[in-house]
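Visitor: I would like a close look at the ligand site, and then at the parts of the protein that frame it. Please take me through it in one connected account.

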Amino acid sequence: MTEMANSFRNQPDDQGHFGDYGGRYVAETLMPLVLDLEREYRAAQADPAFKAQFDDLLEHYVGRPSPMYFAERLTESLRADAQKGSGAQVWFKRDELNHTGAHKINNCIGQILLAIRMGKTRIIAETGAGQHGVATATVCARFGLPCVIYMGATDVARQQPNVFRMKLLGAEVIPVTSGSATLKDAMNEGLRDWVANVHDTFYIIGTAAGPHPYPEMVRDFQSIIGIEARAQMLSRVGRLPDLLVACIGGGSNALGLFHPFLDDPEVKMLGVEAAGHGLDKAHAASLTGGAPGVLHGNKTYLLQDEDGQITEGHSISAGLDYPGIGPEHAWLKENGRVEYTSVTDDEALEGFQLLCRTEGIIPALEPSHAIAAVAKVAKTMPGDAIILANLCGRGDKDIFTVAEALGVEI
Amino acid sequence: MTRLSNAFTKPALVCFVTAGDGDTAANLDALVEGGADLIELGMPFTDPMADGPAIQEANIRSLAKGTTTANIFAIATAFRARHPDTPLVLMGYANPMIRRGPQWFADQCETAGVDGVICVDIPPEEDAALGPFLRAKGIDPIRLATPTTDAARLPQVLKGSGGFLYYVSVAGITGKQQAAMDSIEEAVARLKASTDLPVAVGFGVRTPEQAAAIAKVADGVVVGSALVELVAKHGEDAPAALRELTSALAQAVHSAR
Ligand SMILES: Cc1ncc(COP(=O)(O)O)c(C=O)c1O
């Protein structure tokens, strides 16, 4: 445990374990592949040319660094309800301005470069809301690789604009009807494709979950968010923020922001899960309302029944509607470094509208959960405190869902 | 000799059905009457990532009827009472097995008279999650070897495994696709050179002809999806159809060498 006291940034161990969590719970057919992937990833990490190409694409193709923005009117409006002298400054890391409209592209750039390095000629991915599917289809078009996206039939129906985007980008979108026909089933189908096409196929997983090395690798590719934010804070404000806030589906945008700050003890962190209709009803808060188990290659917190059958999550945000969570979050919860909370559909809808009206920014429903949590916590903090929240996606994809929830016909 | 090793003194027919799908007790009796040497009882799971449509649907049918882990152990316990000599192994995924802790699961297996456990998503690297608890009770953790398991990796797969070695003859999911006979022969020879465990071959075996060809070179032949499809088709009336296919398969396997 002494090692852990020294750093929160040295996980996982060489078997891919974050404490009790993570690991490589995959069928034997896939085991040699994930071992191979780990070897190639280590080689890429040690290769300056790989990093140079990654950085170049992030700058000129994705549009990084993303701005860090002081949300002055939001801050003032939250202070209106706070006691005099209270109400923290709210800042946003603007990853919604990335090419394709979310943080997902950061990871896809990293993984496709790795796929090419490994000589793979076919890309597969799973998607829920379609943001990771769009980001994957985008990098496949950019590098000329065939792309197959698995998407639950239920999600295909509720995310038509993203389905069409993926098709425009040349991807084949396969609706998954097995199981409950949502994100977890799309991931099952991705794994089934992968075992049957091990020789030529690379699986681009969209969040910091799955068998080792995916959770570590996705976190590393997304860490550009926190690395930039840390430098931007120091140069703009001259100090680190007091609190970081991010929404959590599988946990990649949150880890991307948090990880570079984990060893700064003065920086507190809050991860926000989707409480859906409420924690006592249908929700997608695996850490708050789930229990440890094994799914999709890793040990982590899962929504499940007493027999270990996986139960369906629910969130108004398709991107948070997953019954698991990346294993590093399970570890960060247990050691207490990060605090976790949850926000309901209704609260997220309020956060969504609040940001639209106060800042002229239409956020995705996923970070709307983070905004709702910020709105609650900002007023309890002193006026000179700084909150930095991850605005990890824009809301164009969500306007139909929001209109329906607000009872508006468009 | 254990019940499991006993089953492989001649070429063995290994039959898989999903627990809680159809009248499972009657289905298992039909397999034994048809001549199955070893039973693999599938534990249904909501997310059977390594299975093709036939077994996925069997899982869904079973869970839709409300099958619980307690029901599965009750099926196994009753089977053991009716068939004291036929080895029974449980096959499934990690999460339902470790949900109440690996010790609980190993205890239940012992009480029910289960001889071995095949856990699809616990590779040797994660053995600590279940393997030691099974071995302490004398229950064999049965491992899978696949076309992607190379010579360098094989010793790790064999270490700590027991019962028999399950050779998955295709890189893929359970179901219809089938490996070429010469690649199976070569793989089995390679595996047998490295282990004294019997080697059973499965995935994509459907007909007595295929089973006979495999039984010429391997210690056992595993048939799953073809049986499960009969349960899908005939429902509660599946036993007669299962008995018929099993006896054709058993005849082919037992007279192969
Ligand atoms: C904008 C946005 N934010 C967040 C998520 C959730 O994923 P993660 O928790 O990995 O960041 C998604 C997933 O689709 C998303 O599209």
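Guide: The account below begins with the ligand, passes to the two domains of chain A, and then turns to individual residues.

The model is a predicted one, and the distances and areas that follow are computed from it. The ligand is surrounded by 17 residues, and the closest of them are A:Thr207, A:Gly249, A:Gly251, A:Ser252 and A:Asn253. By class, this shell consists of 5 nonpolar, 10 polar and 2 charged residues.

Three side chains place an N or O atom at a short listed distance from ligand oxygen. For A:Ser252, a side-chain N or O atom is 2.6 Å from an oxygen atom of the ligand. For A:Asn253, a polar side-chain atom lies 2.8 Å from a ligand oxygen atom. For A:His103, the separation between a side-chain N or O atom and an oxygen atom of the ligand is 2.9 Å. As to how far the ligand is enclosed, the protein covers 97% of the 390 Å² of accessible area that the ligand has on its own.

The position of the ligand can be described in terms of domains. Chain A is assigned a domain 1, made of 18–60 + 104–218, and a domain 2, made of 63–101 + 222–405. Both domains contribute residues to the shell around the ligand, and therefore the ligand lies between them. The C-alpha centres of domain 1 and domain 2 of chain A are 23 Å apart. Between these domains of chain A, 40 residues of domain 1 are in contact with 39 residues of domain 2.

Within chain A, two buried hydroxyl-bearing residues may be considered in turn, A:Thr75 and A:Ser368. A:Thr75 belongs to helix 4, residues 72–79 of chain A. Its relative accessible area is 0%, so A:Thr75 is buried. A polar atom of the A:Thr75 side chain lies 2.7 Å from the backbone oxygen of A:Ala71. Apart from residues up to four places away in sequence, A:Thr75 touches A:Phe70, A:Ala88, A:Gln89 and A:Val90.

A:Ser368 is located in helix 16, residues 365–378 of chain A. With a relative accessibility of 0%, A:Ser368 also counts as buried. The side chain of A:Ser368 has a polar atom 2.7 Å from the backbone oxygen of A:Ala364. Once neighbours within four places in sequence are set aside, the contacts of A:Ser368 are A:Ala348, A:Gly351, A:Phe352 and A:Pro363. A:Ser368 and A:Ile248 are 120 residues apart along the chain, and their C-alpha atoms are separated by 11 Å.

The backbone of chain A also deserves attention at several loops. A cis peptide bond, with omega about 0°, joins A:Gln11 and A:Pro12. A:Pro12 lies in the loop between helix 1 (2–6) and strand 1 (17–18) of chain A. A cis peptide bond also joins A:His212 and A:Pro213, here with omega about 10°. A:Pro213 is in the loop between strand 8 (201–203) and helix 10 (214–222) of chain A.

Positive phi values occur at A:Thr100 and A:Ala181. For A:Thr100, which is not a glycine, phi is about 75°. This residue, A:Thr100, sits in the loop between strand 4 (89–93) and helix 5 (104–117) of chain A. A:Thr100 has a relative accessible area of 18%, and because buried means under 20%, A:Thr100 is classed as buried. For A:Ala181, likewise a residue other than glycine, phi is near 60°. A:Ala181 is part of the loop between strand 7 (172–176) and helix 9 (183–196) of chain A. At 10% relative accessibility, A:Ala181 counts as buried.

One residue of chain B completes the account. B:Asp219 lies in the loop between helix 10 (208–217) and strand 9 (220–223) of chain B. B:Asp219 is buried, its relative accessible area being 14%. The B:Asp219 side chain reaches the backbone nitrogen of B:Val199 at 2.7 Å. Residues up to four places away in sequence aside, B:Asp219 touches several residues of chain B, among them B:Phe8, B:Lys10, B:Lys192, B:Val199 and B:Arg257.

Technical notes. Residues numbered from 1 in each chain as written. Chains lettered and ligands numbered in written order. Predicted model: local features only at pLDDT ≥ 70, side-chain atom pairs only at ≥ 80, totals over all residues. Heavy atoms only, no water. Near = heavy atom within 4 Å. Polar contact = N/O pair within 3.5 Å; in protein donor to acceptor, adjacent residues only side chain to side chain. Areas by Shrake-Rupley, 256 points an atom, 1.4 Å probe, with all protein chains shown as cover. Nonpolar A, V, L, I, M, F, W, Y, C, P; charged D, E, K, R; others polar. Domains from an automatic or database assignment. Helix = DSSP H or I, 4+ residues; strand = E, 2+ residues; numbered from the N terminus. Buried < 20%, exposed > 50% of the residue type's maximum accessible area, 1.4 Å probe, protein only. Contact = heavy atoms within 4.5 Å.
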